[in-house]
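Work through the exercises below with the structure open. Try each task before you read its solution.

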Amino acid sequence: MHPALSVIVFTTLSGIGFGLMSLLGIGLGGDGLAFRWTAVVLAYGFAVIGLLSSVAHLKSPGRAIYAFSQWRSSWLSREGVLSILTLGVFGLWALAYLFMDRNIGALGILAAVLAVVTVYSTSMVYAQLRTVPHWATWLTPAVFLAFGAAGGLMLLATLLSVFGEEGARPVAQFALLALVIAWVVKAAWWQRAAKTTLVAAGSGIGEATGLGRIGRVRAFEPPHTSPNYLMREMAFEVGRKRARALRRVAIGAGVVLPLFLVILAVYLPIATAALLLLALVSHIAGMLAERWLFFAEARHAVASFYGIGQADGDVAFL
Amino acid sequence: MTTLPQTTNRKLGLVIDLDVCVGCHACAVACKEWNTGAYGAPLSDMDAYGAEPSGTWLNRVHSYEVKPEDKPAQIVHFPRSCLHCEDAPCVTVCPTGASYKRSEDGIVLVNEDRCMGCGLCAWACPYGAREMDMDAGVMKKCTLCVDRIYNDHIPQEDRVPSCVRTCPANARHFGDFADPDSAVSRMVAERGGYDLMPEQGTRPVNKYLQPRPKVDAMPAGEGCGKHDAHAPATPGGLLGWLDRALAALD
Amino acid sequence: MQEIVTAEPDLDLSPPVSDAVRKTTCYMCACRCGINVHLKTGPDGREIVSYIEGNRDHPTNKGVLCAKGSAGIMQHYSPARLRKPLRRKGPRGSGEFEEISWDEALTLATDWLKPIRETDPKKLAFFTGRDQSQSFTSWWAQAFGTPNYAAHGGFCSVNMAAGGIYTMGGAFWEFGTADWDRTKYFMIFGVAEDHDSNPIKIGLSKLKQRGAKIVGVNPVRTGYNAIADEWVGITPGTDGLFILALIHELLRNGSVDVSYLVRYTNAPWLVIDDPGAPDHGLFARNEDGHPLVLDRRSGEPASSEDNDVRPDLKGEVTLADGRRARPVFEIMAETYLGDDYAPAAVAERCGIEAGTIARLAAEMAYAAFEEEIVLDRPWTDWRGRKHDKMIGRPVSFHAMRGISAHSNGFQTARALHLLQILLGSVETPGGFRFKPPYPKPVEGHPKPHTGHKPNTPLDGPHLGYPLGPDDLQIDEDGTPRRIDKAFSWEAPCSAHGMMHMVIANAAEKDPYGIDVLFLYMANMAWNSSMNTAGTMEMLTRTDENGDYVIPKIIYSDAYSSEMVAFADLILPDTTYLERHDCISLLDRPISEPDAAADAIRWPVVELDRDVRGFQSALIDLGARLGLPGFVEEDGSPRYRDYADYMVRHERRPGVGPLAGWRGDGEAHGRGAPNPNQLNKYIENGGVFTAHIPEEAQLFKPWNKAYQDWAVAIGLFDKPAPYLFSIYSEPLRKFQLAAEGHGKRQPPDKMRARIRQAFTPLPTWYPPFEGELIDKDAYPYHALTQRPAAMYHSWGSQNAWLRQIHGANPLYVPENIARKVGLEDGDWAWVTSHHGRIRVPVHITAASNSKTMWTWNAIGKRKGAWALGKGAPETERGFLLNHLIHELLPPKGDGMRWSNSDPVTGQAAWFDLRVRIEKAEAEEHELAPDTGSQTSPVGTGPKVVAYGKAWKT
Ligand SMILES: Nc1nc2c(c(=O)[nH]1)N[C@H]1C(S)=C(S)[C@@H](COP(=O)(O)OP(=O)(O)OC[C@H]3O[C@@H](n4cnc5c(=O)[nH]c(N)nc54)[C@H](O)[C@@H]3O)O[C@H]1N2
Ligand SMILES: Nc1nc2c(c(=O)[nH]1)N[C@H]1C(S)=C(S)[C@@H](COP(=O)(O)OP(=O)(O)OC[C@H]3O[C@@H](n4cnc5c(=O)[nH]c(N)nc54)[C@H](O)[C@@H]3O)O[C@H]1N2
Ligand code: SF4
Ligand code: SF4
Ligand code: SF4
Ligand code: SF4
Ligand code: SF4
Ligand SMILES: [Mo]
């Protein structure tokens, strides 16, 4: 699938934003005004930048308003409705939190739950697609949720530490745990993906054309000699070497370096805030690589019609 | 109308006969031509005369090389357009309600006035039947020529999709699959019409007919040797045989 | 915000399709289907073409349309359309022009041409491409007086035409077709698309419906061959051998239609057997000149014209002069029953198993004789013999350039016709059927003429069918009279001329130099020339004074093609929707086996540029030059324009370009000119059809009712029944000359090749190029095919079609790829005896194992066709033409023969032999680089959203 920057940025940032929202909602925030403002603005900002960037992905954004209409059947519509609801509820909670110095627990918990469900619905936009066997698994929501939690925790820990709030350390410890869990889930996702080829999913060129029952099928001539929308969007091919390199970046920046930095921050109380900030930035960079691969390595059944992505084992686990 | 109708009164669609499709692209261009002037925004072409010409097409013709076990490889031409699935995932994923399936005849359409161009329906379609129009910013797909098949301005015999009307090899047939006696239903029954990627669970309405097995000998094979009965294996033999043949003329 | 819960929107299911519909004839290719052009009125009140569909009532396409036909809108509105006459400013090839007025253009042309006509008319060489007004353009050239006129047939398919005409008075191509409704066994040789594009597809579909077997004989298994029930992946150039082996089998098994052969062919005619005599191998004739046969009852020679004679097909007879003679059939049987033609002897060479050949022969025999068709349709033959039935042999064939574009193509075409004739299937139900004006015997065709004098029309038609050396167009010393050397010993029966030799010969001033090269509708600087880069050099070659060796070039094109850049004066044509055209029975009509038909084009949209229909421009030019026929007594122009000519011109009294609605509007075929004729055509969808009465529809060459009908409709002036020539006497006459008989003698160097190629019975010899090169150095064959969705070079300006074919890989068979280490996406060097190209490759398993191929004419020169920078046509689209030379590799004799069939001069495109090597990774770029040209029309727009114009 085409790794569109807007969608990569959207899923990464909104995950972290909603992650932070749910943590704030359940009362894990600090007390200082600076912290509160920064945390709320960042949570909101990440979510809203993410959402805006997803709107930028639309070809006719003027009609985006209709996207709230089909929540009964469409995960994308649900995501839209839920993100607005979440932003609304969290907004109300934040008003009280910022201006009245009150943490309305029920509202916060509602916002937290909504944020989690929003991230879940984002993930379901992908996980529902039988056409993309890599994505069509419960592991996809698990990955999105786990990364949302890890990202949120890291951001929260960083903020607490920067503003000298209490609880930075335990939150950082939780972040460590979440990071490990998220990457374990992601590893499981990757391992499954490595086995999940179009052919294995029954969407190889033979089934796509139905000609498999005559013999071995090979694409001979494409319908058009220049690439078209479908090929650009659905038959994106990433080089094996490039994928491996990016996977190393994802793991290095997304987990190895952050783990190291967070451990340092937790156990060597020097420059904690800076270390956590660095870890966060590194994590986000890793996440962007992870998301890029999430799209770039995923194969859509349509690729089969073009004879692309038919070989087994192209997607390397590590 | 993102939910699918429970049932449709009719199931209109196409049968594509891969046994006679010569891969001429006539259907693809006729489709482009009709739909450029008809339903919705024109089908645009970007970089039309430049380095990467890339336009919106609702029907594209592929060619495949198929190698049977012990026979030489063969080429199969394969047109691909929307199959008007009964369980159309493109419809249910659509957040705006732009995509819908008509309850009257099962045609899957995009209401371009509502489409925000998110592209999700194209992701949901296993068959590559949806293409984003880069100029108009809306999703396009085969309309089954809904503005031809009921059109009073068109003579009755021409109220068929443009691609069907034009196919020089008569490889495309249009009809109602809900009616077991329709020509298309019978064709599918007789020739074992099949679904593309059935495991996707989309229950396509359109059906494909397999190329007939390539034969090496005539069906009436035993008759072939018949002439050996008077086989004049040598020139002399031929001339003797000629005598009899000429005598028969008198 | 619209309501959250939506209902199905209200659709307008019945929108008006258009504001007007006009019916005319497609010209996206030479098939000439009927089209309904829908027009809408744009915001500015102008009519815009909105939709083109097939005309259901048209005999050719019956409503269907191919990809090109549907893309007509994009051609009509192409950005590459020329807009005004152009005069060259920069050097040839640069594409730098200035726009001039029509008056300036025609004055300039007149100033160039008038002195030529007044002094030496042959200094004008006028050659036209695939236009459909050859009866008109040739008439102009004849009036001008130059012997140097022809159309493109010489590089196209003259082998097919001539092979058919010399053998049976008609050919495949547009001359006839399989009886799609009845045939039970169909074999198609070497066809990718053909001119009969839609009819073949409609026909194949009918066969599929009836379960008739289709056999495709082709080195490549795409298109029609892909849907064939059986594919015979023959090695190129060996079809003749394969066919003669089928004939061997049929003869061996006695599977020939003896009664058909006796009645309708020259199989019983006696051939003089007197080795060394000047008439050895000619027919024995009586004093009236009638050929003799051996009467079985008397055992004596008797006239073949005598109804009571029972001709034998074998035996030997002593003629009155004491010499011996034998029937054609016996000689033929002896020839083909020889071991050389046994399946086992040809199998390896053809790449077809012997058993397959024997089986195919048995299958066709079965279909012909065990599944014969009997129609209860009484008819009377030309000798008054009544037949109460029509017996059909439902085996049919079609063939095109795959057999004709070889240096042995003429004889291969003849072999195929012989096969049809032996099966008794030509013009019988279920077999092959002629389309009027065919059948027409070779003797019914004109002979070539070159007699020219200043200010005088030529002494007769340029082109024709020589019946012997006497008809050659050479001087006393043997020098060819025509610039293309047609009808010389190099190509005695070059019935369509040799357009592919014109530029090369003119550049070499061999046999003489010319002053003006006038071309129409042929992209000679590109895809229609062999040796494209060399041709560009010839077009720009200068002499010691720095003047161009071909001093002046006039060219008419409608679009900014490669050739435009190489001309000095451009006469811009209209598109096919903006002009009158005439698809005439005098020329290349659109008849069907059951009907004669002709058609017109007429302007269905208004012109928006300063261009003119070429024929109208030529009429104007003819009048300015004062050509006879083009001016009245007082010197005023005779015809207003081409439309006027179409209506008022009479070739013979009562017979004009159009057959329908003559006289008072009720006369068809013959009749006085009818001023209202074009309106009648328009009312009838642009087409006229004259149905052949049922009794006359089959056995046409011998059917009295058909002959009478043909005379009535004006096809001939008197009945012309004839017999098929299994044995061709005209060919034997050329061969006799090569054996030293007669006063016109070929140069000694050519004797052997003429003896070999002019056999009176069909023969096979290996294609020349393959014999002259080192087979180990060039082990493979390389071919081109026409893609169904692209017409030569015209299609690249078409925004829709160029998306389908914007680039072309070389398709390389798996086994070769493995050997040289090629994979999909690699680039390779391909080398012939003449040149070297670097091209992208794609691996295939569906072709003959020695044969690589690509689509024809996709590659383009940079700057042509209004295409932008980096267009795939210029980056990944290539021509194979660079590898093909117009001359054969040098032989021991120091001469370089033309790369053509020695009988007809047909360009041997498909004789090409090559080797292939993998290119380095950093060499993924096309070679050779043919430079670039400035576009006189700019480049096309970025975005096309056709339909916006009226959807506001
Ligand atoms: N390698 C290889 N080369 C081949 C062949 C092959 O098989 N292989 N085939 C050969 C054969 S059979 C042929 S016929 C030739 C064809 O070769 P060409 O006849 O050169 O082919 P076209 O590209 O059709 O070029 C005709 C020219 O006519 C112009 N034209 C189109 N419409 C009009 C019009 O309405 N009016 C005027 N005045 N001009 C118009 C086009 O713009 C174009 O420049 O190619 C030959 N070349
Ligand atoms: N769409 C489209 N239609 C066209 C044209 C076009 O450019 N595009 N051009 C028109 C013109 S000008 C012409 S002349 C006709 C030509 O029509 P075709 O005769 O169909 O022309 P080609 O495409 O050259 O096809 C030649 C075929 O012969 C095969 N072949 C080559 N060598 C051999 C051989 O030795 N033996 C056998 N058995 N097969 C062989 C090739 O693989 C190819 O399939 O088409 C006309 N129709
Ligand atoms: S028009 Fe008919 S024959 Fe041609 S590609 Fe389409 S389905 Fe096949
Ligand atoms: S083919 Fe694709 S676009 Fe058409 S109905 Fe099925 S899923 Fe939807
Ligand atoms: S692109 Fe349009 S039709 Fe498709 S899902 Fe999005 S809004 Fe619906
Ligand atoms: S039915 Fe109409 S819209 Fe659909 S592929 Fe055919 S021509 Fe195109
Ligand atoms: S075959 Fe196609 S391009 Fe040729 S005349 Fe017919 S419709 Fe036009
Ligand atoms: Mo041609």
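A residue counts as buried when its relative accessible area is under 20%, and as exposed when that area is over 50%. Keep in mind that this is a predicted model.

**Exercise 1. Decide whether B:Cys27 and B:Cys24 are buried or exposed.**

Step 1. Take B:Cys27. Its relative accessibility is 7%, so B:Cys27 is buried.
Step 2. Take B:Cys24. Its relative accessibility is 9%, so B:Cys24 is buried.

**Exercise 2. Find the residues that come closest to ligand 3, and sort its shell by residue class.**

Step 1. Count the shell. Ligand 3 has 14 residues around it.
Step 2. Pick out the closest. They are B:Cys21, B:Cys24, B:His25, B:Cys27 and B:Cys167.
Step 3. Sort the shell. Eleven residues are nonpolar, two are polar and one is charged. Cysteine is counted as nonpolar here.
Step 4. Link back to Exercise 1. B:Cys24 and B:Cys27 are both among the closest residues to ligand 3. B:Cys24 is buried, and B:Cys27 is buried as well.

**Exercise 3. Do the same for ligand 4: name the nearest residues and sort the shell.**

Step 1. Count the shell. There are 13 residues around ligand 4.
Step 2. Name the nearest. They are B:Cys82, B:Leu83, B:Cys85, B:Cys90 and B:Cys125.
Step 3. Sort the shell. Ten residues are nonpolar, one is polar and two are charged.

**Exercise 4. State how many disulfides the structure holds.**

Step 1. Recall the bond. A disulfide joins the sulfur atoms of two cysteines covalently.
Step 2. Apply the cut-off. The two sulfur atoms must lie within 2.5 Å.
Step 3. Give the count. Over all chains, the structure has zero disulfides.

**Exercise 5. Describe the fold and dimensions of chain A.**

Step 1. Count the elements. Chain A has eleven helices and one strand.
Step 2. Read their order. From the N terminus it is α-α-α-α-α-α-α-β-α-α-α-α.
Step 3. Check how compact the chain is. Its radius of gyration is 21 Å, and the globule rule gives 20 Å for 318 residues; the two are close, so chain A is as compact as a globular protein of that length.
Step 4. Add the box. Along the principal axes, the C-alpha atoms fill roughly 70 × 45 × 30 Å.
Step 5. Look inside. Of the 318 residues in chain A, 60% are buried.
Step 6. Look at the contacts. Among those with a separation of 6 or more, 79% join residues 24 or more positions apart.
Step 7. Turn to the surface. The accessible area of chain A is about 12,000 Å², and carbon and sulfur atoms hold 71% of it.

**Exercise 6. Locate two cis peptide bonds and two positive phi values, and place each residue.**

Step 1. Recall the background. Most peptide bonds are trans, and most residues other than glycine have a negative phi.
Step 2. Go to C:Pro436 and C:Pro437. The bond between them is cis, with omega near 10 degrees. C:Pro437 sits in the loop between strand E22 and helix H16 of chain C.
Step 3. Go to C:Ala927 and C:Pro928. Their bond is cis, with omega near 0 degrees. C:Pro928 lies in the segment after strand E34 of chain C.
Step 4. Go to B:Met197. Its phi is positive, near 40 degrees. B:Met197 lies in the loop between helix H6 and strand E11 of chain B. Its relative accessibility is 0%, so B:Met197 is buried.
Step 5. Go to C:Ala857. Its phi is positive, near 60 degrees. C:Ala857 lies in the loop between strand E33 and helix H27 of chain C. Its relative accessible area is 1%, so C:Ala857 is buried.

Terms used:
Residues numbered from 1 in each chain as written. Chains lettered and ligands numbered in written order. Predicted model: local features only at pLDDT ≥ 70, side-chain atom pairs only at ≥ 80, totals over all residues. Heavy atoms only, no water. Near = heavy atom within 4 Å. Buried < 20%, exposed > 50% of the residue type's maximum accessible area, 1.4 Å probe, protein only. Helix = DSSP H or I, 4+ residues; strand = E, 2+ residues; numbered from the N terminus. Rg over C-alpha atoms; globule rule 2.2 N^0.38 Å. Contact = heavy atoms within 4.5 Å. Areas by Shrake-Rupley, 256 points an atom, 1.4 Å probe, with all protein chains shown as cover.
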